[in-house]
Amino acid sequence: MSIRQLLMARARARPRRIAFPEGEDQQLVRAACRLAAEGIARPVVLGREEQVRVLAGREWSEGVEIADPTDAETLARYSQIYAARRQGVSEGIALRLVRRPLFFGAMMVATGAADAMVAGLTRPTAQVVTAAALSVGYQEGISQASSFFLMVLPGPPEQVLVFADAAVAVDPSAAELAEIAVLTSRNTRTLLDIEPRVALLSFSTHGSASHPRVKKVREALERVRELDPDLICDGELQADAALSSRVAGKKCPDSPLGGEANVLVFPDLDSGNIAYKLTQYLAGAQAIGPIMQGFRKPVCDLSRGASVEDIVDVAAIASLQVSEAV
């Protein structure tokens with residue numbers, strides 16, 4: 001069974017209610033129909049029923065639930081709840097916010113009407129993050145959203161590496177880098193059922209260079225050890241020292257990773273984004289994601305070029321993340 005097949009099978013074992021705010025998009029509607037038909041999730045598409053059914057065409061599945069984001073009673077309830085939770089926000093302002101589909105979907109998650117939200121086909125990442133941060137909120141001790149990719153390298157056998165952050169956090173501080181490492185390790189356990197071995201990457205290995213950017217990674221390692229003392233993590237490491245036992249034996253023989261890292265945490269978005277795209281296009285890897293993390297309940301972002309299969313993949317992973325949510 002491939003990694004993707006394994007994720008789908010696990011999601012089918014306990015399908016979750018997933019809110020999809022962008023019911024005006026045909027790719028999204030068709031993905032929702034497939035999720036319902038294959039029993040991977042219980043999709044709730046926001047939009048007008050006649051429009052959603054037209055977009056689905058012959059692929060329509062009766063398992064798709066349609067929610068009206070203009071329903072006055074629901075909007076009033078969500079605006080009251082939002083205003084009560086956000087100090088200084090009036091119900092009038094809250095009502096204007098929850099009328100937006102992203103906020104409506106996020107409030108479904110916040111109130112338990114949905115287990116998770118998947119969005120971003122027609123809205124930029126920043127808007128998805130804002131709606132989730134203000135409506136759902138962050139996990140305790142987490143200061144910002146981050147993301148990761150599952151990079152499935154062709155086999156046989158398939159090999160999976162986890163790349164973080166390659167889509168959201170532009171220039172994380174040492175403390176934020178540590179948060180990313182710990183959150184990604186938790187998701188690695190949840191999704192892949194393997195023990196995470198985390199490498200904090202740099203252009204330096206164990207003091208081979210001196211620079212403020214290297215210092216940031218070293219400080220991040222210290223913070224990781226405070227947050228999760230049992231996590232197998234090391235840094236700062238160059239990529240070859242993280243992934244090759246031969247190189248690790250020469251550059252960092254005392255590293256607990258021994259050149260066998262399976263989670264790579266990049267020091268900034270430049271390096272992470274470049275690395276995942278190079279791995280995807282030069283090594284032929286399948287990039288599953290980006291998968292968002294850090295919110296109290298799962299909210300996932302989509303690339304605006306996402307295919308139906310991409311949407312199905314992200315929704316399945318969002319379902320599996322539900323058990324990890326606070």
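1. A good place to start is helix α13, which is mostly covered, with twelve of its 14 residues buried. Please keep in mind as you read on that this is a predicted model. The buried set includes V308, then I311 and V312, and also D313, a residue you may like to find on screen. Farther along, V314, A315, A316, I317, A318, S319, L320 and Q321 are buried as well.

2. Staying with α13, the helix covers residues 308-321. From its first C-alpha to its last it reaches 20 Å, close to the 20 Å expected at 1.5 Å a residue.

3. Next, have a look at the sheet. Six strands form an open sheet with mixed pairing, and their order is β8-β7-β9-β6-β5-β10. The edges are taken by β8 (232-237) and β10 (286-293); each has a single partner strand, so one side of each is left without a neighbour in the sheet. From one strand to the next, the twist averages 20 degrees. As a general reminder, strands of a sheet pair through backbone hydrogen bonds, either parallel or antiparallel.

4. Strand β5 (residues 146-153) deserves a closer look. How many of its eight residues are buried? The count is eight of eight, and the strand is described as mostly covered. Both faces are covered: one side carries S146, F148, L150 and V152, while the other carries S147, F149, M151 and L153, and all of these are buried.

5. The neighbours of β5 can be traced one by one. Six bridges join β5 to β10, and these two strands run antiparallel. Within this pairing, L150 stands opposite I288 in β10. Strand β6 (residues 159-164) also pairs with β5 in the antiparallel sense, over six bridges. Here M151 stands opposite L161 in β6. A hairpin of five residues links β5 to β6.

6. For a parallel pairing, turn to β7 (residues 197-201) and β9 (residues 263-265). These strands are joined by three bridges and run parallel. If you would like one pair to check by eye, L200 has V265 in β9 as its bridge partner.

7. Finally, there is something to see on the surface. Which residues make the nonpolar patch of about 500 Å²? They are I274, L278, Y281 and L282. I274 belongs to helix α12 (residues 269-282). With a relative accessible area of 48%, I274 counts as partly exposed, because that class lies between the buried limit of under 20% and the exposed limit of over 50%.

Note on methods
Residues are numbered from 1 along each chain as its sequence is written. This is a predicted model: local features need pLDDT of at least 70, side-chain atom pairs count only at pLDDT 80 or more; totals for chains, interfaces and linings use all residues. Side-chain values use heavy atoms; hydrogens and water are left out. Helices (H or I, at least four residues) and strands (E, at least two) are DSSP runs, numbered from the N terminus. The expected span of a helix is 1.5 Å times one less than its number of residues. Buried means under 20% relative accessible area, exposed over 50%, partly exposed in between (1.4 Å probe, protein chains only). Two strands pair if DSSP finds at least two bridges between them. Axes are lines fitted to C-alpha atoms, for helices over the stretch in contact, and angles run from 0 to 180 degrees between N-to-C directions. Patches are made of residues with over 30% relative accessible area and no salt bridge: like charges are joined within 9 Å, nonpolar side chains (Val, Leu, Ile, Met, Phe, Trp, Tyr) within 5 Å. Accessible areas come from the Shrake-Rupley method with a 1.4 Å probe; for residues, only the protein chains shown count as cover. A salt bridge is a side-chain nitrogen of Lys or Arg within 4 Å of a carboxyl oxygen of Asp or Glu.
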